[in-house]
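Reader: I would like to learn how to read a model of this kind, feature by feature. Where should we begin?

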Amino acid sequence: MSDSLPARALPNAVVGLVGTATVLGLLYFGRDVLIPITLAFILSFLIAPFVRSLRRIGLGHTASVLTGVLIVAAALLMTGAVIVSQVSRLGASLPQYQDTIAAKIETLDSLTRGTIGSLGGPAGQLIEHFTQDEPGAPDQARPGLPASSRTPVPVEVREPALKPLQLLGKIIASVWPPLEMAGIVFIVLIFVLLEHESLRDRFIRLAGGEDLRATTVAVNDAGERLSRFFISQFAVNACTGIAIWIGLSVVGLSQALLWGTMAAVLRFVPYVGFWMAAFCATLLAAAIDPGWTLALMTFGLFLVIDIIVAQTIEPKLYGHTTGLSPLSVVVAAIFWSAIWGPVGLVLATPLTLCLVVAGRYIRALKVLEIMFGELPALTMPQNFYQRVLSGDAHEIIASAKRYMQHKSLAAYCDGVLVPALHLAHFDLKDNAITPAEEVKVSTTVIAVIEALSGNPKWWKKRKTVSALAGVGIGRQLRDSRISATGEWQGSFDVPAGSLVLTVGLGTQGGELATEILVRVLREQKIDARSMSMEDLDAPAPPEASPELVSIVCLVSIDPLNDRERMEQAMRRFREDLPHCKQFAVLLPSPFENPDLRECTFEQADHVAHSFEDALQSCVKALRGRAP
């Protein structure tokens, strides 16, 4: 049997590799066809909400689609016209700044000790062009060369004048590729919008199979996410471009409209596009101004606007829109730019978002959501247990304190600590934890609970407390607390009815849950004290009075097996402390036996299924007794 498994797994691996290679080959060699179609589909997500708005006001379906496409085409043409006109003006004005550029290059060359001047390639040729002597200046003779070699010989190359048809052919050949791409994109876009509902239904029928509901939800979610993302991104980029335009106009940089437009357009390229515009604008500012003030103001303007947009505006707009992790955006940009070039760089984020949404609802693609989604790969209890196995108490405590900025200690114990301890219990029961790992887990859990319950010197007690061999974590934590509060865990000179007595039912897990409950109650300024089942037979302290106790909490992590013992304890406390309320705190594993949540005890005044529930019940009961 064991020999047949690899034999079956090998063909599956080969099929997977061949399938992946085939898909990558189709993406690369079919990019001339796939790029315009993909662009059309992506634009449809941006225009679809506007088309639906036009239809709601009474415009026909075809008229709404054509209106939306015409508006997008007009916007793109206006943007292109602005860029072309501004670039033409910039090219015409560059010769005016040649002296300033040459002076700046010479200054930089002297600061870098000749490094700038020694550059080769296009950069070196450009620097040489700006720093060479002006035409007509006398040539400086170099020693050792004859006079004839010092006189340049002008050479003029003449080409025959082009005929009108040849000139027209050259113009068409230069503009035809982008026009062809744009034409295909807009034609496909029109038909995609016209048949939007039909295409969605066909895709659901094709990919849905038997799970029609999941596929419908996935397609709708992908469409809504992409529409929200593109509308938000378009609005943010447009506002960023307007802010750059206004800011550069105020500081006095020429062609401010060009750099505002370039910043808005290039910002669609993740991470690097905006700074490409900033770099070019800063270079122009350095060329215009003989000093460095204008260049620094230009760069500072880009920096301030990017910080405001990236750190304040975008997290609020994109935080729950894309669902992508930052690393996945970078990896996707590298992958799609390698496959499809600059267009792939722009389309990287929406394409990856589609894959992540598909992985959320299609089980076979779940790996994509785990790899590229913003959701954590491990749940908080799993992350807690993984850090405990590593003995990393500091990181757990830092994460817990961030969690507790918005929620209580009781909520953290219910949602993170207790499930993580059950995970450890499963491994311990299956002998999957070595003795060394068990000591590390115990030490780290003790340190975390000590720190979260307000012990400012928890790191000093880690070794001394965890060194008690053979003693459960709950008993160690209780002994640590008793060493700080006294044998009876506090004074008995307290008002009547102000104490809450918590009792574990004998197991080590019950002792730990009881100690956690005591610390949860004490964190809310409730005088909670713990007892074990053995303490019930011990003589009571002479200063203690039954009237001091208001509530008795019986804690169990295994209600089915502890039922008889808990009922006996309840009967005993009903005889010894008849005036007290009895709460049954049931904390079974959240990973098994869901029916235990319905377990009840008729003798109990209240049955709590979480620390938060027990805390709120105790607070309510104590307030009811207050005079």
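Author: Begin with the word contact, which here means heavy atoms within 4.5 Å. Keep in mind as well that this is a predicted model. With that cut-off, take glutamate 515: leaving out residues up to four places away in sequence, it touches Gly474, Leu477, Arg478, Arg481 and Ser530.

Reader: Where does glutamate 515 lie, and is glutamate 515 buried or exposed?

Author: Glutamate 515 lies in helix α21. Its relative accessibility is 1%, so it counts as buried, the limit for that label being under 20%. Its side chain also makes a polar contact, at 2.7 Å, with the side chain of arginine 481.

Reader: How do I read charged side chains such as that one?

Author: The general idea is that side chains of opposite charge can pair when their charged atoms come close. In this structure there are eleven salt bridges. One of them joins arginine 519 to glutamate 450, with 3.5 Å between the closest N and O atoms. Arginine 519 belongs to helix α21 (residues 508–523) and glutamate 450 to helix α18 (residues 435–452), so this pair ties together parts that are 69 residues apart in sequence. Both arginine 519 and glutamate 450 are buried.

Reader: Which residue of helix α21 forms a salt bridge with arginine 519?

Author: Glutamate 515 does, and there the closest N and O atoms are 2.9 Å apart. For the spacing, recall that an α-helix has 3.6 residues a turn, so residues three or four places apart point the same way. Glutamate 515 and arginine 519 are four residues apart in helix α21, which means about one helical turn separates them. Both of these residues are buried. A network of salt bridges links Glu450, Arg481, Glu515 and Arg519.

Reader: Which residue meets aspartate 527 in a salt bridge?

Author: Arginine 529 does; the side chains come to 3.0 Å, N to O. Arginine 529 has 6% relative accessibility and therefore counts as buried.

Reader: What does a buried polar residue without a charge look like?

Author: Asparagine 237 will serve. It lies in helix α8 (residues 212–251), and it counts as buried because its relative accessibility is 1%. The side chain of asparagine 237 makes a polar contact of 3.2 Å with the side chain of arginine 267. Apart from neighbours within four places in sequence, asparagine 237 is in contact with Ala264, Arg267 and Phe268.

Reader: Is helix α9 mostly covered or mostly open?

Author: Mostly covered: helix α9 (residues 256–266) has eight buried residues out of eleven. Among them are Leu258, Trp259, Ala264 and Leu266.

Reader: Now the outside. Which residues make the nonpolar surface patch?

Author: Tyr271, Val272, Met276, Leu327, Val330, Val331 and Ile334 make a patch of about 680 Å². Helix α12 (residues 326–340) gives the most to it, with four residues. Methionine 276 comes from helix α10 (residues 273–288); at 46% relative accessibility it counts as partly exposed.

Reader: How many residues separate aspartate 32 and tryptophan 340 in sequence?

Author: They are 308 residues apart in sequence, while their C-alpha atoms are 8.9 Å apart in space. Aspartate 32 is in helix α2 (residues 31–56), and its 64% relative accessibility makes it count as exposed.

Reader: And the chain as a whole?

Author: The chain has 23 helices and five strands. Of its 627 residues, 38% count as buried. Among contacts between residues at least 6 apart in sequence, 72% join residues at least 24 apart. The chain exposes about 36,300 Å², and carbon and sulfur atoms supply 64% of that area.

Reader: Where is pLDDT under 50, and how should I treat such stretches?

Author: As a rule, where pLDDT is low, the predicted coordinates should not be read in detail. Here the average pLDDT of the chain is 76, and 74% of the residues score at least 70. Residues 1–7 stay under 50, and the model gives them zero contacts beyond four places in sequence. Residues 458–470 are also below 50, but that stretch has 24 contacts in the model beyond near neighbours in sequence.

Note on methods
Residues numbered from 1 in each chain as written. Predicted model: local features only at pLDDT ≥ 70, side-chain atom pairs only at ≥ 80, totals over all residues. Heavy atoms only, no water. pLDDT = per-residue confidence, 0-100. Buried < 20%, exposed > 50% of the residue type's maximum accessible area, 1.4 Å probe, protein only. Helix = DSSP H or I, 4+ residues; strand = E, 2+ residues; numbered from the N terminus. Patch = residues over 30% accessible without salt bridge, like charges linked within 9 Å, V, L, I, M, F, W, Y side chains within 5 Å. Areas by Shrake-Rupley, 256 points an atom, 1.4 Å probe, with all protein chains shown as cover. Salt bridge = Lys/Arg side-chain N within 4 Å of Asp/Glu carboxyl O. Polar contact = N/O pair within 3.5 Å; in protein donor to acceptor, adjacent residues only side chain to side chain.
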